[in-house]
Structure formats: C-alpha cells, structure tokens
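Hi,

Here is the structure I said I would pass on. Have a look at it first, and then read my notes below.

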Amino acid sequence: MTRPADFDDQNTREVIVVGGGIAGLSAAIYLGRAQRDVLVVDSGHSMAKWEPVVQNYLGFPNGVGGEELLENGRTQARRYEARIVRDRIGSVSTRKSVFILKGRRKTYRTKRLLLATGIFHLPPEIPGVKECLGHSMFFCKDCDGYRVRGKRIAIVGANNEAVEYALGMLDYSACVIIATNGNRARWDRQHARWLKEYEIPVARKRIRDVVHRKRKIQALEFASGDVVKTDYLFTTRGDIFYNQLAKKLGAKIDPDGQIKVDQCMRTTVPGLYAAGCVTPANCQMIIAAGQGATAAQAINRDLFEESLASHTLRRAREHQLRNRRTVPEVSKTKPKLRKK
C-alpha cells in the first residue's frame, strides 16, 4: 500500500509504537512492510535484554540471547524503513483524534498508537539474588522449567501462586521446596492440603543470603543458620505493568494491571492498541512477537479502511495516474525468456 504523498500533518506520524521490545519491533516490521510511516519510541528497558539465552523461541534450536534478538529485530525493522528513536514518554494526551506524546527529548504526534510498554519482574528482596537474574534465578516456569530438570529448586513466595509453582515444578524435578523468606503463609486451605499431599517442604525463616559463584546459585543461607543447597531459584513476588499511558488515555485495565484488549489488540480507546506483556497474554517472547504482528495487521487494516472513507487513497491514486505507468503493456507476441 502506498503512503499518501500529502500525509504529513504538522509532523503527525501514521503510527507510533511506544516500546522497543519484542512486541514493538515485531509490529514495526509488519507496519514497515505495509509501507506505513511508523516510529518506534524505545526507552531501552525491554526485559528481553536480561535473558542471556532464550531457549524456546522458534527457529533457534541452540537458543538465542535476548539482546541479540532485540538487535536483530531493530535491524530488520529499519530495513523496512521503520524509524527507531531512544526516548522515554512521560505523558500523553489527545486532541482531535490525534495522540500527543511528550518525551524527554521531544513531542510526538500520531493518529494510531500502539503501547508495547511491557512489564518489570520484581526480584525478591534477598541479598545476592540480583546478580543471578536470568542465570540461576528465574520468574517463569514455562520459560525456564525445562532448563532446571533434575536440579534442586527453591520457590520464593508465600501465596497460592507459590504453591502452584512448586507443584508445577515437580514435572521437572523431584527436589522442590518453598521458601517464604520470613513472610506469613497466605495460601488457602486447599493449597495447604496440596503441600501436605505432595510432601513439599516449606522453609519459613528469612533468607539471609544467596550463596552463588559466577551467577550460579549454590545455596540459600537462612537467618536460623541453616544452609540449604540450591541450584535454581524461582520467585512469584509480582510484576509491575507499565500501563500509565493507557490509564491516562482512559483505557480499561484489568484487576492485575494489564491493559484490556480484543482479539485484534485494540483497547477500549479508539485508535489505541496494546501488545505484549502489558496485556493479559502469557508473558512469552514468541507470544509478544505474535501480538505485535496481530496489532500491526489490525492497524494497517484500520488505516486502509479510513483511507477509503476519507478518499486519501484516491488522492494517492491520482498521483500515480499522473506520474506512473498504471496499465501493463499489451503485445501480440510472447516475451522472450532470458537465459540464466
């Protein structure tokens, strides 16, 4: 689809994507290939960059680093003329169906806005644990359960989710414990019965330190003086959803803080879309990429329908009719085939 020659309206972009992670870059690739005027505003804080090896992304049988995946995505998006700028959006408003985004560096305007702002996983407040993030301390059993098969696993948490994590990890290892880190257990009676039924031990004292070497956890040291040998740590402390821009625009947010979207990644605000981990999707990179593509296709379709209704496509067609060949040549003879 050809971009309208007269589109530029006080530097208003056709589409702006806020977030340069997996979902945002996937959307930019699709929109660029649809020849849309797309700008990605990237704060540089995608959670993907903290993944040293992603083992479940299609097409990388030996795994791929999160930073490498992001860099490849940026290169691919730029190949299709998507522009990527480094900035952080602080506020957003609307004026006559145009979104106005104020960043630290400049102000941006667009008629279609995609929020791919993502989340932040809260690490447990335990000395020594941050150095192990992505190496021996994880947040997602779906992503990393396979890599910890047969190892000694501790789940840090004190709620129903922690119990379910521990139960789920039994598919990967026989040696699983829950560490409440000194917090009062908040799981319900059913989850308490499951802990007893499946004989999962619970360490209730505060964790004083994580013993590790070269980012590999070796043990948990408790305030009681006990040292429990541990290979991997999972946490269920919680996530922070970067939904502030959506809230400012009046989009509906679910009780967990995720932006509500339909099957085409549209929010409840016209012209506003969301994709990736800031939505209710399971927070997986490959799902985020798919959501970005889905949002891009919906945006492209909406822009196409708008161009028909507003006759901007007709104006672009008139430019073609004046300046380009629009009818293929007619001949009585077959063209000669070129020899290779």
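**Salt bridges first**

D231 counts as buried, because its relative accessibility is 19% and the cut-off for buried is under 20%. Keep in mind as you read that this is a predicted model. D231 has a salt-bridge partner, R152, and their closest N and O atoms are 3.0 Å apart. The two residues come from distant parts of the chain, 79 residues apart. D231 is in the loop between strand 14 (227–229) and strand 15 (232–235), while R152 is in the loop between helix 3 (141–144) and strand 9 (153–156). What about the cover on R152: buried or partly exposed? R152 is partly exposed, because its relative accessibility is 32%.

That pair has company, since a search of the whole structure turns up 13 salt bridges. One of the pairs to look at is D37 with R13, whose side chains meet at 2.8 Å, N to O. Why does this pair tie together separate parts of the protein? D37 is in the loop between helix 1 and strand 2 and R13 is in strand 1, so the bridge joins parts that are 24 residues apart in sequence. R13 is buried, because its relative accessible area is 18%.

Next, try R147 and D144, where the side chains form a salt bridge of 2.9 Å, N to O. D144 has a relative accessibility of 3%, so D144 counts as buried. There is also a network of salt bridges, and it links E67, E71 and R74.

**The overall picture**

Now zoom out a bit. The protein has 340 residues, and buried ones make up 46% of them. You can pick out eight helices and 17 strands. Along the principal axes, the C-alpha atoms fill a box of roughly 85 × 55 × 35 Å.

**Inside the protein**

How many residues does the largest nonpolar core have? The count is 33, and the residues with the most contacts inside this core are V17, I22 and L114. Several elements each supply at least two residues of the core: strand 1 (12–18), helix 1 (22–33), strand 2 (38–42), helix 2 (66–79) and helix 7 (285–310). Helix 7 gives the largest share, with eight residues.

While you are looking at buried places, find A274 in strand 17 (residues 272–274). A274 is buried, because its relative accessible area is 0%. Then find E14: A274 and E14 are 260 residues apart along the chain, and their C-alpha atoms are separated by 16 Å.

**On the surface**

Two patches are worth a click. In one of them, E161, E164, D188 and D239 gather as a patch of negative charge. E161 belongs to helix 4 (residues 160–169). With a relative accessibility of 39%, E161 counts as partly exposed, because that label covers values between 20% and 50%.

The other patch is nonpolar and is formed by L58, I286 and I287, which together have about 280 Å² of accessible area. I287 is in helix 7, the helix that also supplies eight residues of the core. Its relative accessibility is 33%, so I287 counts as partly exposed.

**Two backbone angles**

Most residues other than glycine have a negative phi. Which residues are worth checking with that in mind? One is E199, which is not a glycine but has a positive phi of about 55 degrees. You will find E199 in the loop between helix 5 (189–197) and strand 11 (202–203). E199 counts as exposed, because its relative accessibility is 69%.

The other one to check is R215, with a positive phi of about 70 degrees, although R215 is not a glycine either. R215 also sits in a loop, between strand 12 (207–213) and strand 13 (216–222). Its relative accessible area is 44%, so R215 is partly exposed.

Those are my notes, so over to you.

Cheers

Note on methods. Residues are numbered from 1 along each chain as its sequence is written. This is a predicted model: local features need pLDDT of at least 70, side-chain atom pairs count only at pLDDT 80 or more; totals for chains, interfaces and linings use all residues. Side-chain values use heavy atoms; hydrogens and water are left out. Patches are made of residues with over 30% relative accessible area and no salt bridge: like charges are joined within 9 Å, nonpolar side chains (Val, Leu, Ile, Met, Phe, Trp, Tyr) within 5 Å. Accessible areas come from the Shrake-Rupley method with a 1.4 Å probe; for residues, only the protein chains shown count as cover. A salt bridge is a side-chain nitrogen of Lys or Arg within 4 Å of a carboxyl oxygen of Asp or Glu. Lys and Arg count as positive and Asp and Glu as negative; His and the chain ends are not counted. The place of a charge is taken as NZ of Lys, CZ of Arg, CG of Asp or CD of Glu. Helices (H or I, at least four residues) and strands (E, at least two) are DSSP runs, numbered from the N terminus. Buried means under 20% relative accessible area, exposed over 50%, partly exposed in between (1.4 Å probe, protein chains only). A nonpolar core is a set of buried Ala, Val, Leu, Ile, Met, Phe, Trp, Tyr and Cys residues joined through side-chain atoms within 4.5 Å.
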